[in-house]
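Please open the structure in your viewer and keep the selection tool at hand. The tour below goes from one selection to the next and says what is there.

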Protein chains: 2
Amino acid sequence: MVLFRRLLGDVLRAQRMRRGMTLREVSAEARVSLGYISEIERGQKEASSELLASLCSALDLPLSVMLREVSDLVALEESLTSTTSSAEVVASAA
Amino acid sequence: MVLFRRLLGDVLRAQRMRRGMTLREVSAEARVSLGYISEIERGQKEASSELLASLCSALDLPLSVMLREVSDLVALEESLTSTTSSAEVVASAA
């Protein structure tokens with residue numbers, strides 16, 4: 001199952017690193033605890049819509065761009081998953 | 001503030017109606033209570049990543065496509081918001 005929060009976390013971390021920001025800086029900017037942001041980046045916690053907006057604002061990244069990037073990662077994972085499923089079908093039929 | 005859950009709700013409802021499905025049918029298919037789905041469609045509740053995957057599966061809609069549609073709606077709203085802000089700046093400067 002492709003989970004939104006895992007790929008969202010990947011995008012948030014990549015965007016933070018692209019800006020050379022530390023977790024501490026994003027935490028201060030977004031007024032969210034460092035530990036919570038870290039859990040979101042690792043895909044372990046769901047981010048509320050308000051938190052998502054704060055994080056995007058702290059990263060100076062439009063929410064639409066962030067969602068587009070997550071969508072692209074999800075699409076990639078969906079294509080890999082469906083390929084695996086097809087391979088499994090072929091293997092089980094053999 | 002552009003809230004993810006509100007535009008997600010709009011997309012989920014539009015996709016359900018495009019398929020001519022009732023809340024009851026999506027509820028049975030996704031094994032999620034009807035009231036909860038209704039609240040998600042109205043943007044009143046956050047959907048967990050697992051629930052999002054179930055709803056997309058019930059609607060036979062890839063998660064990536066759903067996120068792309070939400071991203072497009074968010075982008076539209078962001079452009080309207082920034083236009084409004086510019087108009088307000090102009091108005092306050094006049």
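Which cysteine sulfur is closest to the sulfur of Cys56(B), and how many Å lie between them? Bear in mind, as you select Cys56(B), that this is a predicted model. The closest cysteine sulfur belongs to Cys56(A), and because it is 19 Å away, it is too far for a bond with Cys56(B). A disulfide is a covalent bond between the sulfur atoms of two cysteines, and here a pair counts as one when the sulfurs are within 2.5 Å. Over all chains, the structure holds zero disulfides. While both residues are selected, note that Cys56(A) counts as buried, with 2% relative accessibility, and that Cys56(B) also counts as buried, at 3%.

Next, show chain A and chain B together and turn to the contact, to which chain B gives 23 residues and chain A gives 23 residues. Between them the two chains bury about 1,900 Å², of which 57% is on carbon and sulfur atoms. On the chain B side, select Phe4(B), Ser49(B) and Arg68(B), which lose the most area to chain A and together make up 26% of what that side buries.

Stay at this interface, where four salt bridges are found between chain B and chain A. To see a salt bridge here, select Arg5(A) and Glu50(B), whose closest N and O atoms are 2.7 Å apart.

Finally, select helix H5 of chain B, which covers residues 63–93 and includes Leu76(B). Together with Leu73(B) and Leu80(B), Leu76(B) makes a nonpolar surface patch of about 260 Å².

Note on methods. Residues numbered from 1 in each chain as written. Chains lettered and ligands numbered in written order. Predicted model: local features only at pLDDT ≥ 70, side-chain atom pairs only at ≥ 80, totals over all residues. Heavy atoms only, no water. Buried < 20%, exposed > 50% of the residue type's maximum accessible area, 1.4 Å probe, protein only. Patch = residues over 30% accessible without salt bridge, like charges linked within 9 Å, V, L, I, M, F, W, Y side chains within 5 Å. Areas by Shrake-Rupley, 256 points an atom, 1.4 Å probe, with all protein chains shown as cover. Salt bridge = Lys/Arg side-chain N within 4 Å of Asp/Glu carboxyl O. Helix = DSSP H or I, 4+ residues; strand = E, 2+ residues; numbered from the N terminus. Contact = heavy atoms within 4.5 Å. Buried area = accessible area lost by both parts, 1.4 Å probe.
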